[in-house]
Amino acid sequence: MLWDALTLGLGYNATLVTIGAALLGVAAGVTGTFLYLRKRALVSDAISHATLPGVALAFIVMVLLGGDGRSLPALLLGAAVSSWIGLMCVNWLTARTRLAEDAAIGAVLSVFFGFGIVLLTVIQTMNAGRAAGLEGFLLGSTAGMLFNDAVVIAVGGAVTLALVFVLRRPMGLVAFDPEFSAASGVNVGRVDLAIMGLALAVTVVGLKVVGLVLIVAMLIIPPVTARFWTDRTDHMAMISGLCGGLAAWVGAALSATAPALPTGPIIVLTSFAIFVVSLLLAPERGMLAVGLHHRRFQRRVHMRQGLLALAQGQPIYERFTLKLLRRAGLAHADGVATEDGKARAAKALRDEKRWELVRADQAFESAAVQYDGLREIETVLTVDQIAEIDRRMGGPTGVMP
Amino acid sequence: MTGAEFVPLSLTPLLIGVFAAVACALPGNFLVLRRQALIGDAISHVVLPGIVVAFLVTGVVAAVPMLLGAAAAAVVAVVMIEAIRRLGNIEPGAAMGLTFTTLFAAGVLLLEQSDTSGVHLDVEHALYGNLESLIWLDAMGWESLFDPVALAELPVELFRVAAALVGVSGFLWVCWRPLVVSTFDEGFAQTMGMRTNVIGMALVIVAAIAAVAAFDAVGSIIVIAMFICPPAAARLMTNRLSTQIAWSVGFAVLSAVLGYILAGYGPLWIGFDNAVSAAGMIATVSGVILALTALWGPCRKRLGAPAV
């Protein structure tokens with residue numbers, strides 16, 4: 001059943017929903033990357049909630065003009081206009097008053113949403129029967145998705161992706177270093193607006209599939225996930241698009257397999273599952289990798305301290321150090337060094353002395369900055385340099401009786 | 001309008017609206033000042049899964065389990081945000097957005113999966129509340145306020161919201177000094193020996209209690225309006241905290257009363273014959289108040305710092 005759904009074998013509507021959702025997921029993931037890098041991920045929350053009054057007003061206007069009121073492009077146009085106004089309000093409140101951006105976001109999203117609900121109740125009293133579709137914009141409703149709707153999503157997503165591709169350089173630049181980009185002639189305000197505008201486009205296009213409360217997740221979770229896997233903007237955008245598309249594909253397929261599995265929430269939860277896997281397993285940034293790295297570092301510190309203690313004949317009380325030394329065959333259970341241990345300890349002490357000379361000498365400055373108490377001196381200096389240091393240090397000499 | 005009409009139909013929703021607005025606006029002042037305004041956003045979203053889980057565990061829609069469930073969900077959300085932020089090294093805004101959308105999605109899914117058709121619990125209700133239905137059918141007029149039989153039939157939500165308001169005010173009263181110091185200068189508060197993270201957590205829990213009490217009446221998203229708009233508007237009116245709180249309470253009461261009246265009677269005045277959503281109108285009025293203060297408030301500009 002699930003395999004059928006994943007391979008588009010569950011009938012026309014399920015196929016349409018799955019493809020539409022996946023396209024949307026890719027577009028949202030790629031666009032959200034820049035929003036996240038610009039550290040303004042939550043602006044998307046304001047944008048998405050601000051679509052509601054626009055949808056409702058567009059519906060009212062269409063009905064007043066004698067139409068059916070359910071033309072998706074017109075509703076989406078209304079959504080785009082009102083969320084643009086909301087975005088301008090956030091920007092204006094942040095720039096012109098003392099309110100911080102978070103307060104501006106919260107104020108705009110709640111007020112616009114509240115006004116949208118007022119308009120929804122107006123619509124309910126206008127003609128209760130035909131308004132039923134509008135509630136679908138809150139949490140998404142894919143059940144009645146038509147071919148035209150899928151086309152709107154596909155075209156909207158493709159246009160957004162193309163614009164992201166064109167604008168990727170200035171957007172990346174502004175996200176990382178707004179001052180530098182301003183100094184090199186990029187209009188930061190306008191690029192910011194472009195980032196927000198693209199997020200807005202994705203939000204509006206995605207309203208029908210996941211609804212305005214959860215579209216935020218499609219813009220935020222994939223970029224956060226992608227950030228674990230790479231340090232390059234272009235790779236991040238691609239991975240993010242991939243994660244978003246995958247989550248949407250799997251989520252839509254899952255929700256098609258049973259009746260009480262709403263598409264939007266399932267997509268969000270799938271996306272979150274991918275995030276959790278990345279959080280745990282990603283190389284370098286994942287928790288497992290960080291934990292292993294920390295563990296390795298801890299061992300090196302203990303080993304080093306243990307060897308220095310052995311060399312200077314100090315007793316070792318730290319259990320973990322003793323265990324490491326014993327396991328490496330460098331010390332006996334009572335903390336006395338083995339022959340091997342004595343040799344390694346002497347080497348460690350000698351290296352420490354070498355480092356001392358290196359760090360005291362201006363000529364070795366570039367090598368000295370690499371000292372962190374653990375680094376092997378051979379990895380920093382050449383054999384000749386070490387020989388030079390050793391010559392200055394001098395060999396062991398006897399004591400005159 | 002006579003008392004015989006006003007008391008049963010409008011008095012209790014009006015009071016509940018006012019109490020809910022004030023109960024949210026009070027902790028909202030501190031959330032706005034701490035730049036944690038969106039914690040209110042996150043809380044009001046995660047209240048839904050908390051309530052659904054409480055319902056699934058207990059099987060009844062009752063005040064205490066719902067309150068506990070929602071408070072627990074708020075704590076889970078805050079811990080999750082912190083954990084994701086620290087473990088993944090992710091900026092707080094994104095961690096917050098990730099957490100509350102996921103929890104909200106989980107709440108919607110649980111709601112769809114469980115058989116809640118028989119009880120008063122659905123997503124639309126959770127999002128925009130149902131203030132108008134909280135009427136006091138047993139009242140005959142003003143004299144009912146002194147009639148113990150009629151008073152016993154007051155909607156239970158009124159007591160819940162009033163209790164939340166008392167609790168929130170009590171918390172602010174008791175913790176005023178540490179709260180103020182840690183809000184304005186966290187480092188100083190720490191050197192004074194205050195446990196700032198405990199205070200921050202307590203503030204979040206109190207906000208969650210206010211949110212869940214108000215949630216019942218006004219729905220989860222409009223709770224955010226009450227958390228943010230009145231305090232933000234008050235912030236543009238004054239530079240003193242106590243004055244700001246007074247303004248915010250005033251604005252909250254004003255938006256609740258004006259919003260309720262406009263929603264109930266506004267459409268009648270302009271010729272329609274049906275009321276609109278009171279909760280939505282309250283949020284709208286609070287937004288209008290914020291817009292007015294943002295345009296003409298005496299302290300609307302940033303002091304000292306250049307406009308960014």
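Trainee: Which exposed residues does the face of H16(A) turned away from its buried side carry?

Mentor: This is a predicted model, so read every position as computed. H16(A) has a buried side, and the face turned away from that side holds the exposed residues. They are Glu339(A), Ala343(A) and Ala360(A).

Trainee: Over what arc around the axis do the buried residues of H16(A) spread?

Mentor: Gly341(A), Arg344(A), Ala345(A), Ala348(A), Trp355(A) and Val358(A) are buried in H16(A). They sit on the same side of H16(A), because the arc they cover is narrow enough to put them there. An α-helix has 3.6 residues a turn, so residues three or four places apart point the same way. The arc is only 140 degrees.

Trainee: Which helices are included in what covers the buried residues of H16(A)?

Mentor: The cover includes parts of chain A on either side of H16(A), which spans residues 339–360. Two of the covering helices are H14 (287–311) and H15 (319–327) of chain A. The others named are H17 (365–368) and H18 (383–393) of chain A.

Trainee: How far apart are the end C-alpha atoms of H16(A)?

Mentor: H16(A) has 22 residues. At 1.5 Å a residue, it should span 32 Å. The computed separation agrees with that: 32 Å.

Trainee: What is the radius of gyration of chain A?

Mentor: Chain A has 18 helices and zero strands. Its C-alpha atoms fill a box of roughly 115 × 55 × 35 Å along the principal axes. A compact globule of 401 residues would come in near 21 Å, but chain A has 31 Å.

Trainee: What percentage of the residues in chain A are buried?

Mentor: The count runs over the 401 residues of chain A. Among contacts between residues at least 6 apart in sequence, 69% join residues at least 24 apart. The buried share is 46%.

Trainee: Is Ala103(A) buried or exposed?

Mentor: Ala103(A) is found in helix H6 (residues 101–126) of chain A. The cut-off for a buried residue is 20 or more other C-beta atoms within 10 Å. Ala103(A) has 30 C-beta neighbours inside 10 Å, so Ala103(A) counts as buried.

Trainee: Which residues is Ala103(A) in contact with, leaving aside its neighbours within four places in sequence?

Mentor: Within chain A, the C-alpha atoms of Ala103(A) and Val90(A) are separated by 9.0 Å, and the two are 13 residues apart along the chain. The contacts of Ala103(A) in question are with residues of chain B. They are Val32(B), Ala37(B), Ile228(B) and Ala232(B).

Trainee: How many residues of H6(A) are buried?

Mentor: H6(A) has 26 residues and should span 38 Å; its end C-alpha atoms are 37 Å apart, which agrees. The helix is mostly covered. The buried count is 23 of 26.

Trainee: Which helix supplies the largest share of the side of chain B that touches chain A?

Mentor: 53 residues of chain B are in contact with 47 residues of chain A. Several helices of chain B each supply at least two residues of that side, including H2 (37–58), H3 (63–88) and H11 (220–235). The largest share is 14 residues, and it comes from H4(B).

Trainee: How many residues of the side of chain B that touches chain A are nonpolar, polar and charged?

Mentor: Take the side of chain B that touches chain A. Nine of its residues are charged and 13 are polar. The nonpolar count is 31.

Trainee: How far apart are the end C-alpha atoms of residues 12–37 of chain A?

Mentor: UniProt, in an unreviewed entry, lists residues 12–37 of chain A among those for "transmembrane region". Over that span the chain is 100% helix and 0% strand. Another listed span is 72–93 of chain A, which is also 100% helix, with ends 31 Å apart. For residues 12–37 of chain A, the ends are 38 Å apart.

Trainee: What percentage of residues 275–296 of chain B is helix?

Mentor: The unreviewed UniProt entry lists this span of chain B for "transmembrane region", along with residues 38–57. Residues 38–57 of chain B are 100% helix, with ends 29 Å apart. Residues 275–296 of chain B have ends 31 Å apart and are 86% helix.

Trainee: Where does Asn89(B), with its positive phi of about 55 degrees, lie?

Mentor: Most residues other than glycine have a negative phi. Asn89(B) is not a glycine, yet its phi is positive. Asn89(B) is exposed, with 12 other C-beta atoms within 10 Å. Its place is the loop between H3 and H4 of chain B.

Notes. Residues numbered from 1 in each chain as written. Chains lettered and ligands numbered in written order. Predicted model: local features only at pLDDT ≥ 70, side-chain atom pairs only at ≥ 80, totals over all residues. Contact = placed C-beta atoms within 7 Å. Helix = DSSP H or I, 4+ residues; strand = E, 2+ residues; numbered from the N terminus. Nonpolar A, V, L, I, M, F, W, Y, C, P; charged D, E, K, R; others polar. Expected span 1.5 Å × (residues − 1). Arc of directions from axis to C-beta. UniProt positions renumbered as here; feature names shortened; annotations may be inferred. Rg over C-alpha atoms; globule rule 2.2 N^0.38 Å.
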